[in-house]
Every structure is written in C-alpha cells, then in structure tokens.
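Ready for some practice in reading a protein model? Take each exercise in turn, try it yourself, and then follow the worked solution.

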Amino acid sequence: MASTDNPASSPGHEASSATNEAPAVPEGVATTSVDAGDAASPSGNTASPTNPATTVGASAQEIAIDDDFDGDSAFGEDAQSETASLASAISRGYMENGRKYQSTKGHEYWGPSDDKQFETFELGHLLYIILDSLMPEPLFHSPIGDTPQNILDIGTGDGTWAIEVADKYPSATVYGIDLYPPPALWVPPNCIFQVDDVTQEWTWRKQFDLIHLRLLLGAFTPEERDRVYKACYDNLLPGGWIEEVELDVRVMSDDDSLPADSIVAGWGPNFLGCAERSGRPLDTQLTMKASIENAGFINVQDKLYKCPLGSWPRDKIYKDAGKVNMEHWKTGLEGWAMYLLTKFGEPTPWSPDEVQVYVARVRNEISQPNLHCYHYTRRVWAQKPLE
C-alpha cells in the first residue's frame, strides 16, 4: 500500500502576462463562475478566524475587505518498516514537460514530485495552520488525547505535517507515506517515512489512533477512494479517528469583483472537466463527508473555510492567510495545470506552451488588487465505532 498527495507546484517567481507572440489559450476554456452556495454544498460548519467555535449547518460568512489594501508584494525567499520497503523505481519517477512525476502500475498521479512541488506543499501547510491558529490544536481537530500511540499520514508530501505531529506528540509513532520520499533534512526519531501505494493491499500489523489525509483531490478514482476509506476504517483502533482536508478548485468572490468571464473564474470549471475526463474527480470537498459516512464512520463533523487569495481582508488572520495563499497559488499554478491540461485539456489536449501562457495569465489576474476572491476548503473528521 502507499499514498498519493496534494496539488502542485511551480517557481515562486511571478510570470508576466502573455504577449501577442505567445501561443493562445485554446478556445472553449470555461470562464463561468460558480455560485458560492453550490461550492459550499453540502452545508457544514463554517470557520471564522476570530471565532473558531462553529455551528453545524452554518453558511460561510463574507470576509470584510480592508479599505487600505492596495495590492500584495512578493512573499519573499523565505517562502521558498511494516509495509513494502522503499521502491526505487517509484522513487525515481519520470520527467515530463520539465516536471517530475510518480507512478505505479496502472496509477499515475497528476501532481509533480519535485522541489517546486515541495515549496507549494510547505505554503499549503502554513495556510491551514494560520486559519486554525486560534484552535487548541491547529494540526488536526480529532479528539485523540495527549498520548496517541500510532498515527498515519496518507499523502505526506514534503512531510511537514507528520514531522510537526511527531515532534509535538512524542508518545506516538507517526508514519508518513507517499509515492516518493519527502525532502526532509531532519526527522524526529518517532517519525517514519515510507514509499508506498495506498490503493494496494494494506499490510500494517498495528492499528492507528488517527489517520490523516490532506489535499488528495484527483488522486483516486471513486472506487479507489472508497477502498481507501474502507482500509482506513479497518486499520483504525475502535474509537480511532479519520481526518481529511480538501480544497475546492473553484474561485469566487462575494462582492462581484471577480468577473464571470475572467480567466480565474473559469479556472475551476476547466479543471473539474479535466478531472472528469481523467476518471479521478477533483470535487472531493463536496463528496468526502458522505463517502466517509458510507464507510461506517460515526460522529462525522465538518468545517468549511474561506481561503482568501491575497491580503485584502481586514481581519488579521484572514489577511495573513491570504498573503500565504497568494504565494501558494503563484508557486503551484504550473504544477496544478501542466499534467491535466496536456493530457485532458479541452477541446483537445493542450501543448506545454499553451499551458504556460494560461498559467501566466491566471497568475497575473489573481494579482490584481481589485479582486477580493477566495476558494473553499473543507475539513472532515469522523470516528470508528467503539464496537
């Protein structure tokens, strides 16, 4: 068994917008925005930075705009065993269109696994820590107590979450698995990384207090995802918890500052279409709660976040999160786009040059200070019955 991971990555340097000489973005690319209510459905708990306690069934509240905001500057350079043994063939991966990818037999993952990708993972992790910075435990919401014994991080990416949990909970052995080894230079003695594929048969000889998944949208077919949830259920202790965090690829605004015919408004529908054609959906934040319930979990809870793009919000937590998320997107756009558009783009697969032009236009558009846009992220946590 092994894992897959989060979305993407690309250089943190801002690309210029396309010139007349650059390849055109293919016609037929969706530019229709999505109603915020549709994106938030099914309804769940809504996070508020200044009020971390949430109400079941609440809708996402509007983020107040900072009237003094005039644009974002650059984030800076600082932004920058019990299962199968490490498989060198998996670890090596393959190069395509200047990015490194991983694959196993019959299973290719759309997200790159290179240094550019790891930059984006780090920024994504920081985004969610900031949004939950007022919570007693910002790393997870599952009530596993102070002395957990075994924790599994599926799709560990650059390993940051697993390392931080292992460092904070010395009683636990934290296992981080993915299709490639993380680049971590220092690892706590109670943190173990493995290269493995969770879509294969699980061979753990222990049960876990917590199994954590984050940003695995597009990693599985619906059938594979159901099998992973079943395997999580079977490998948790009675009373153990599963927790998953997934973002919504659609971008929206509450004040109509994002034009319906803009490139950014069409970003989400474009990639939802690519994912549908690939057979590995990207709408996980809308479906995972019901899928986890169907796997037999109880006490299923969820929390819906608005993730600003840019430091336009008035609230300090949203402002800090938006600044990090802007850099998260700028570094991530190329990696998020390249594989899916060159394999499953519409009306026909795009060329790498067309993808680069599209990414440059999106990067330029999200940087406009008059845009007050955001995307959703949902967190779901649920318990295996005691009996």
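**Exercise 1. Find the residue that stands opposite L304, and describe how its strand pairs with β12.**

Step 1: L304 stands opposite R378 in β13.
Step 2: Strand β13 covers residues 373-383, and β12 and β13 pair in the antiparallel sense over nine bridges. Two strands pair if DSSP finds at least two bridges between them. Strands (E, at least two residues) and helices (H or I, at least four residues) are DSSP runs, numbered from the N terminus.
Step 3: Now look at how β12 is covered: eight of its 11 residues are buried. Buried means under 20% relative accessible area, exposed means over 50%, and partly exposed lies in between (1.4 Å probe, protein chains only).

Before going on, a word on the source. This is a predicted model, in which local features need pLDDT of at least 70 and side-chain atom pairs count only at pLDDT 80 or more, while totals for chains, interfaces and linings use all residues. Residues are numbered from 1 along each chain as its sequence is written, and side-chain values use heavy atoms, with hydrogens and water left out.

**Exercise 2. Judge the confidence of the model: what is the mean pLDDT of the chain?**

Step 1: Recall that pLDDT is the predictor's confidence in each residue, from 0 to 100.
Step 2: The chain has a mean pLDDT of 80, and 72% of its residues reach 70 or more.
Step 3: Residues 30-37 have a pLDDT below 50; this stretch has 22 contacts in the model beyond near neighbours in sequence. A contact means heavy atoms within 4.5 Å.
Step 4: Residues 50-58 also have a pLDDT below 50, with 18 contacts beyond near neighbours in sequence.

**Exercise 3. Describe the surroundings of strand β9: with which strands does β9 pair, and in what sense?**

Step 1: β9 spans residues 208-214, and seven of its seven residues are buried.
Step 2: Strand β6 (residues 150-154) pairs with β9 in the parallel sense over four bridges. Here D153 stands opposite H212 in β9.
Step 3: β9 also pairs with β10 in the parallel sense, over six bridges. In this pairing L210 stands opposite W241 in β10.
Step 4: Together with helix α5 (residues 222-234), β9 and β10 make a right-handed β-α-β unit. Right-handed means that, with the strands pointing away from the viewer, the path from the first strand over the helix to the second runs clockwise.

**Exercise 4. Explore the salt bridges: how many are there, and which parts do they link?**

Step 1: Side chains of opposite charge can pair when their charged atoms come close. The rule for a salt bridge is a side-chain nitrogen of Lys or Arg within 4 Å of a carboxyl oxygen of Asp or Glu.
Step 2: By this rule the model has 13 salt bridges.
Step 3: One of them joins K306 and D254, whose closest N and O atoms are 2.6 Å apart. Because K306 lies in strand β12 and D254 in the loop between β11 and α6, the pair ties together parts that are 52 residues apart in sequence. K306 counts as buried because its relative accessibility is 3%, whereas D254, at 30%, counts as partly exposed.
Step 4: The side chains of K168 and E137 form another salt bridge (3.0 Å, N to O). This pair links distant parts of the chain, with K168 in helix α4 and E137 in the loop between α3 and β6, 31 residues apart. K168 is partly exposed at 43%, while E137 is buried at 11%.
Step 5: A network of salt bridges links D132, E243, K303 and R379.

**Exercise 5. Look for unusual backbone details: where is the cis peptide bond, and which residues have a positive phi?**

Step 1: The cis peptide bond joins E346 and P347, with omega about 5 degrees. P347 is in the loop between α8 and α9.
Step 2: L215 has a phi near 50 degrees, a positive value in a residue other than glycine. L215 lies in the loop between β9 and α5 and counts as buried because its relative accessibility is 4%.
Step 3: N299 has a positive phi near 50 degrees too. N299 is in strand β12 and, at 43% relative accessibility, counts as partly exposed.
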